[in-house]
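Visitor: Could you take me through one part of this structure up close? I'd like to look at the salt bridges and where their partners sit.

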Amino acid sequence: MRAITEPDTAQAEIARVSAAPSLSKKMEDLAAKERERSEQKRLDFEGVREKLAEQDSLRVSRMSLRSQQDSERAAQRAKLLLKQEEEWITSHDQDEIARTQRRAARQKQRCELQHQVHL
């Protein structure tokens, strides 16, 4: 029986040795594929990170632009309010001047009437 098993063992050993390089090659292929997947994941992650950084940059730019526009609008409102206030003051001053002139005219008429009455 030993004689029968020895050739079987020899053939099994030959088959095992013959299969070893293909197993090794398969392991190398699997390792290479795993490295490729890992690299792709890294690249995908970097792409996502770059997109997020770009979005953050755009968000900051929009916020800066909005802030600048808000400041410009606030400055325009302040100018408008100042102009309205100046117009109101001018109008109020003119009204006051007109009232004073009317009062002075009435006072002058009274004085003239009193002077005529005394004559």
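Guide: Here is a walk along the salt bridges, starting with the overall fold. Keep in mind that this is a predicted model. The protein has one helix and zero strands, and the helix, α1, covers residues 2–118. Of the 119 residues in the protein, buried ones make up 0%. About 11,300 Å² of surface is exposed, and carbon and sulfur atoms supply 57% of that area.

Now for the charged pairs. Searching the whole structure turns up eight salt bridges, and three of them are worth a closer look, beginning with Arg-42 and Glu-46. Their side chains meet in a salt bridge at 2.3 Å, N to O. What puts these two within reach along the chain? Arg-42 and Glu-46 are four residues apart in helix α1, so about one helical turn separates them. As for the surroundings, Arg-42 has 37% relative accessibility, so it counts as partly exposed. Glu-46 comes in at 24% relative accessible area, which means that it too is partly exposed; the cut-off for buried is under 20%.

Move along the helix to Arg-59 and Asp-56. The side chains of this pair also form a salt bridge, with 2.6 Å from N to O. Here the spacing is three residues in helix α1, so Arg-59 and Asp-56 are again separated by about one helical turn. Arg-59 is partly exposed at 41% relative accessibility, and Asp-56 is partly exposed as well, with a relative accessible area of 40%.

Last stop: Arg-103 and Glu-96. Their side chains meet in a salt bridge with an N to O distance of 4.0 Å, and the definition asks for within 4 Å. Arg-103 has a relative accessible area of 44%, so it is partly exposed. Glu-96, at 33% relative accessibility, counts as partly exposed too. Back at the earlier stretch, there's one more thing to point out: salt bridges with shared partners link Glu-39, Arg-42 and Glu-46 into one network. That puts the Arg-42 and Glu-46 pair we began with in the company of Glu-39.

Technical notes:
Residues numbered from 1 in each chain as written. Predicted model: local features only at pLDDT ≥ 70, side-chain atom pairs only at ≥ 80, totals over all residues. Heavy atoms only, no water. Helix = DSSP H or I, 4+ residues; strand = E, 2+ residues; numbered from the N terminus. Buried < 20%, exposed > 50% of the residue type's maximum accessible area, 1.4 Å probe, protein only. Areas by Shrake-Rupley, 256 points an atom, 1.4 Å probe, with all protein chains shown as cover.
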